[in-house]
Amino acid sequence: SRTVAERGKEDRKMLPIYAYRDELLKLVEENQVLVIVGETGSGKTTQIPQYLQEAGYTKRGKIGCTQPRRVAAMSVASRVAQELGVKLGHEVGYSIRFEDCTSEKTVIKYMTDGMLLRELLIEPKLDSYSVIIVDEAHERTVSTDILFGLVKDLAKFRPDLRLIISSATLEAKKFSEYFDSARIYMIPGRRYPVEKLFQKCPEPDRLETAVRTVFQIHQTEPLGDVLVFLTGQEEIETAETKLKERMNDLGSKSSEIIICPIYSNLPTELQAKVFDPAPKGSRKVVLATNIAETSLTIDGIRYVVDPGYCKINSYNPKTGMESLLETPISKASAEQRAGRSGRTGPGKCFRLYNVKDLEATTIPEVQRANLASVVLTLKSLGIDDVFNFDFMDHPPESSLLKALELLYALGALDGKGEITKLGERMVEFPVDPMLSKMIVGSEKYKCSAEIVTIAAMLSTGSSVFYRPSRNQQYLADNARMNFYTDKAGDHIALLRVYNSWKEMNYSSQWCYENYIQSKSMRRARDIREQLAGLLKKIGVELTSNADDLDAVKKAILAGFFPHAAKLQKDGSYRRVREPQMVYVHPSSGLFGESPKKWLVYHELVLTTKEYMRHITEMKPEWLVEIAPHYYKLKDIEETQPKKTQS
Ligand code: ADP
Ligand code: MG
């Protein structure tokens, strides 16, 4: 009988890239920088690092391969470990924020692009690496774009280092030009024809249409798996519920459909399920975010349902407002999505939109994102002149200015734009500057124990409150209100949830009884431990000040003071220094309560309006006390000051 590794070896030879193995290796040897382009699923991500290892590159150092998405890094690492017959975390590992699954043995390391940026802070010349693969380069995340500039520069000082820029779409020329006319290698792909069916009159309820289309495929098309592209966890969960409801209505047919969600916060145990082949006679329906567009290849897909939307980061440098925005996908994305149905045979793509609805191109994230975090990283790397950084596509000057302003207000940069001691301490934390300021700032208010808990609870990536189906929702809502006894706000409630859970010895039973997601709680505990460790590293003691909620709120404000909002006469809120209207998110425990006059919020979510998610009450005089450079007395005065010019 063959071992898993032996089977893996045979599978590997079936991939399109295998025929070009030797040619590729020769090119890597001859070229310090190589741009590789190949169809999704051809084997770039899983095979190239293994080829390099076989050719001896790991004798000189690690092979690092970056991915824009956490799930992709975890999933490909686990696949490659399996192919090599080694334990994940030994020779093959991955590193993502708050989760390091590597060891001293690790020679093939998959990681998010953001993690490689952080490694550069510790190891500026990446001496422990022999090859860096910037994979999924076409995604053009902020971190990938910054990495481009940094590794391009690094290559000059490390003639032995090899750089591979790997991408799925045909932006190769642009990548090559940027890397001083680097050699381009195209991996010829296999592709079957895909029939594309458009919807002439798109319906407003995309989700409902998508669900209906899945059933239409199931009832009229031959066997073969279906891949549905949705915008995020929320849509995926709703679609899953809808599909299950409809399956119940159809009775016996329900066993024929196997629903597999995949999105970035899906618990690890459930992620692997998406790759399991559907049992004979049944049809797998994969509900995926953009992750399945090019990052993950799921075999067996014959039908793609594409509603044509994705969620992107959108940032207004004028106001410093950042939110997730649902937007129509680009033409290139639509082609990629359709292509997912034609990998192993002819496919069909059901496009729930008109061809004219598509965006012509995608704007690189660096041109539409908040750059505070990367600017601070660059400053910490000693790159002072961020305006002249070698960006592949330059961000608007206003974005860089806004980032510098914010970092200055937070105290991370001084008046000359140089990184301060506080800034250096903030960089230690793998979170956004406002959150890291809140953590570091907690020292002053002697409530670091409370603040790391809140920071960890805000960083789990999904809600800790469980929302059951309709008829039980009021029970869950009642349970939740136990944590809002004084209606102080969501941050304080999160703190209470964590502390109650801890008092109950981290019991899952307690979570179950209180409608709390125990998986999110365990993740929070894990993140909390790491944040606490980092605080220790910078010499801050984990003191508790549990009885002084004002101290906790002040520490939150120390980081989030730019997110202060004031109640207006019409019940909406206005940001204090900006003319923007913002609203209480329905998921907040303060939603529907008698409104607080002054709030601080964690983040904004844009749906029909700008909603503040995670809010807590505060006192306006704290703003002037905590951020005197940012707020003046007139900002917080009760009545509008008369125009008396002095
Ligand atoms: P590319 O990077 O060129 O898009 P990959 O190397 O990711 O291609 O994928 C090659 C093949 O490996 C895919 O066809 C897929 O079948 C398989 N594969 C990749 N990741 C996994 C995984 N986590 N589980 C099972 N199979 C996988
Ligand atoms: Mg890939």
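Which residues are buried in α16? The tour returns to this helix after a view of the whole model.

**Whole model**

Begin with the entire protein displayed. The model is predicted, and the predictor assigns the complex an ipTM of 0.98 and a pTM of 0.92. Colouring by pLDDT is a suitable first step: the protein averages 92, and 97% of the residues score at least 70. Where pLDDT is low, the predicted coordinates should not be read in detail.

Switch next to a cartoon representation, in which 24 helices and 21 strands can be traced. The protein is as compact as a globular protein of its length, because its radius of gyration of 25 Å is close to the 26 Å that the globule rule gives for 646 residues. Viewed along its principal axes, the C-alpha trace spans about 75 × 65 × 50 Å. Of the contacts with a separation of 6 or more, 72% join residues 24 or more positions apart. Of the 646 residues, 45% count as buried.

**Helix α16**

Select residues 433-441, which form helix α16; 9 of its 9 residues are buried. The opening question is thereby answered: the buried residues are Pro-433, Met-434, Leu-435, Ser-436, Lys-437, Met-438, Ile-439, Val-440 and Gly-441. Now add the elements against which these buried residues pack, namely α13 (372-380), α14 (397-410), α15 (421-427), α17 (448-458), α21 (518-537) and α22 (549-560).

**The nonpolar core**

Select Val-228, Val-286 and Ala-455. Within the largest nonpolar core, which holds 170 residues, these three touch the most other members. In soluble globular proteins, nonpolar side chains tend to be buried together. Centre the view on Ala-455 and leave aside its neighbours within four places in sequence: its contacts are then Val-431, Leu-435, Met-438, Ile-439 and Leu-531. Leu-435, Met-438 and Ile-439 are also among the buried residues of α16.

**Ligand 1**

Move to ligand 1 and display the 17 residues that surround it, of which Lys-44, Thr-45, Thr-46, Arg-79 and Phe-275 are the closest. Two helices, α3 (44-54) and α4 (70-84), each give two or more residues to this shell. Colour the shell by residue class to separate 3 nonpolar, 11 polar and 3 charged residues.

**Met-115 and its contacts**

Select Met-115 in helix α5 (residues 113-122). Is Met-115 buried or exposed? Met-115 is buried, because 24 other C-beta atoms lie within 10 Å, and the cut-off for burial is 20 or more. Not counting residues up to four places away in sequence, Met-115 touches Ser-95, Ile-96 and Arg-97. A distance label from Met-115 to Pro-68 should read 9.9 Å, C-alpha to C-alpha, for a pair 47 residues apart in sequence.

**Two positive phi angles**

Continue to Phe-98, in the loop between β3 (92-96) and β4 (99-101). Phe-98 has a positive phi, near 65°, in a residue other than glycine. With 18 other C-beta atoms within 10 Å, Phe-98 is partly exposed.

Finish at Glu-136, located in the loop between β6 (129-134) and α6 (142-157). Although Glu-136 is not a glycine, its phi is positive, at about 55°. Glu-136 is buried, with 25 other C-beta atoms within 10 Å.

Methods:
Residues numbered from 1 in each chain as written. Chains lettered and ligands numbered in written order. Predicted model: local features only at pLDDT ≥ 70, side-chain atom pairs only at ≥ 80, totals over all residues. Core = buried A, V, L, I, M, F, W, Y, C linked by C-beta atoms within 7 Å. Buried ≥ 20, exposed ≤ 12 C-beta atoms within 10 Å, placed from the backbone. Contact = placed C-beta atoms within 7 Å. Near = placed C-beta within 6 Å. Helix = DSSP H or I, 4+ residues; strand = E, 2+ residues; numbered from the N terminus. Nonpolar A, V, L, I, M, F, W, Y, C, P; charged D, E, K, R; others polar. Rg over C-alpha atoms; globule rule 2.2 N^0.38 Å. pLDDT = per-residue confidence, 0-100.
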